[in-house]
Amino acid sequence: MLKHVRPALAALLLMSLITGVLYPLTVTAVAQLAFADQANGSLVRDAAGQVRGSALLAQPFDGPLWFQPRPSAADYATVASGASNLAPSNPELLKQVQANVSRWQGATDKPVPMELVTTSSSGLDPHLTLAAARYQLPAVAAARGLPEDRLERLLEAHLQTPLVGPAVVNVLALNLAMAENRWPERDE
């Protein structure tokens, strides 16, 4: 019996060493060398080097001075992230959307973009389409006492074009640029 148990234990120890130690260390080393920013959470830092968040996670901003991200079913908590899982026929979803629409009513005379009144599937999507960011532009400009064209240049400076889908703006990066007064140079 010992001649059957010994090879089994040796194989268990060898595979545990390979899959539990060597493989994770190799993957971590490759990630740190080749993709250090992504491997460390895509952290966004301010001018002083302080971490202000992750470029991959939305966070709420209070008040009219800031661009607002999509609503979050998890209240922007990463532990409880996820969609509300409410079906389109669910009256609760209609109530949520109506409440979000009324929050944006009066910002402009245009219809409220769908992404400003519905949550993303993760509840933590940090990006808005340019149309949704532009919808907020007049209110943010008025609250800050800035000309709209200055904020428009800031939006365009923070525009990202993914491989698939429309161009998007990272709300955290946009608000951080405003907080630090990093404005793009005027096109002459």
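In the predicted model, Ser42 is buried, with a relative accessible area of 8%. This serine lies in the loop that connects α2 (36-39) with β1 (43-45), and its phi is near 50°, a positive value in a residue other than glycine. A positive phi also occurs at Asn181, which is not a glycine either and for which the angle is about 55°. Asn181 belongs to the segment after α6 (171-179) and is exposed, with a relative accessible area of 58%. Of these two residues, then, Ser42 counts as buried because its value of 8% is under the 20% limit, whereas Asn181 counts as exposed because its value of 58% is over 50%.

With respect to overall architecture, the protein contains six helices and five strands, and its elements follow one another from the N terminus in the order α-α-β-β-α-β-α-α-β-β-α. The radius of gyration is 23 Å, well over the 16 Å that the globule rule gives for 188 residues, so the protein is more spread out than a compact globule. The C-alpha trace spans about 80 × 50 × 30 Å along its principal axes. Buried residues make up 30% of the 188 residues, and the protein exposes about 11,900 Å², of which carbon and sulfur atoms supply 61%. Among the contacts with a separation of 6 or more, 56% are accounted for by residues 24 or more positions apart.

Helix α1 opens this series of elements and covers residues 2-34. The helix has 33 residues and reaches 46 Å from its first C-alpha to its last, which is close to the 48 Å expected at 1.5 Å a residue. A bend of about 30° is nevertheless found in α1 at Leu22, and a proline, Pro24, follows within four residues of that position.

Helix α4 can be described in the same terms. This helix has 15 residues and reaches 20 Å between its first C-alpha and its last, close to the 21 Å expected at 1.5 Å a residue. At Leu137 the axis of α4 bends by about 40°, and here too a proline follows within four residues, namely Pro138. The buried residues of α4 are Leu130, Ala132, Ala133, Tyr135, Gln136, Leu137, Val140 and Ala141, so that Leu137, the site of the bend, is itself counted as buried, which means that its relative accessible area is under 20%. An α-helix has 3.6 residues a turn, so residues three or four places apart point the same way. The partners against which the buried residues of α4 pack include three helices, α3 (91-104), α5 and α6, together with the strands β3 (127-129), β4 (159-160) and β5 (168-170). Just after α4, Gly145 takes a positive phi of about 70°.

Turning to charged side chains, the count of salt bridges comes to five. One of them involves α4, in which the side chains of Arg134 and Glu156 meet with an N to O distance of 3.3 Å. This pair links distant parts of the chain, since Arg134 is in helix α4 (residues 130-144) and Glu156 is in helix α5 (residues 148-157), 22 residues apart. Both members are partly exposed, Arg134 at 37% relative accessibility and Glu156 at 44%. Arg134 and Glu156 are, moreover, joined with Glu152 in a network of salt bridges.

A further salt bridge is formed between the side chains of Arg52 and Asp46, at 2.8 Å from N to O. The two partners fall into separate accessibility classes, because Arg52, at 43% relative accessibility, counts as partly exposed, while Asp46, at 14%, counts as buried. The side chains of Glu180 and Arg182 likewise meet in a salt bridge, with an N to O distance of 2.7 Å. In this pair Glu180 is partly exposed, with a relative accessible area of 22%, and Arg182 is also partly exposed, at 40% relative accessibility.

Note on methods. Residues are numbered from 1 along each chain as its sequence is written. Side-chain values use heavy atoms; hydrogens and water are left out. Helices (H or I, at least four residues) and strands (E, at least two) are DSSP runs, numbered from the N terminus. The expected span of a helix is 1.5 Å times one less than its number of residues. The bend at a residue is the angle between axes fitted to the seven residues ending there and the seven starting there. The radius of gyration is taken over C-alpha atoms; the globule rule is 2.2 Å times the number of residues to the power 0.38. Buried means under 20% relative accessible area, exposed over 50%, partly exposed in between (1.4 Å probe, protein chains only). Contact means heavy atoms within 4.5 Å. Accessible areas come from the Shrake-Rupley method with a 1.4 Å probe; for residues, only the protein chains shown count as cover. A salt bridge is a side-chain nitrogen of Lys or Arg within 4 Å of a carboxyl oxygen of Asp or Glu.
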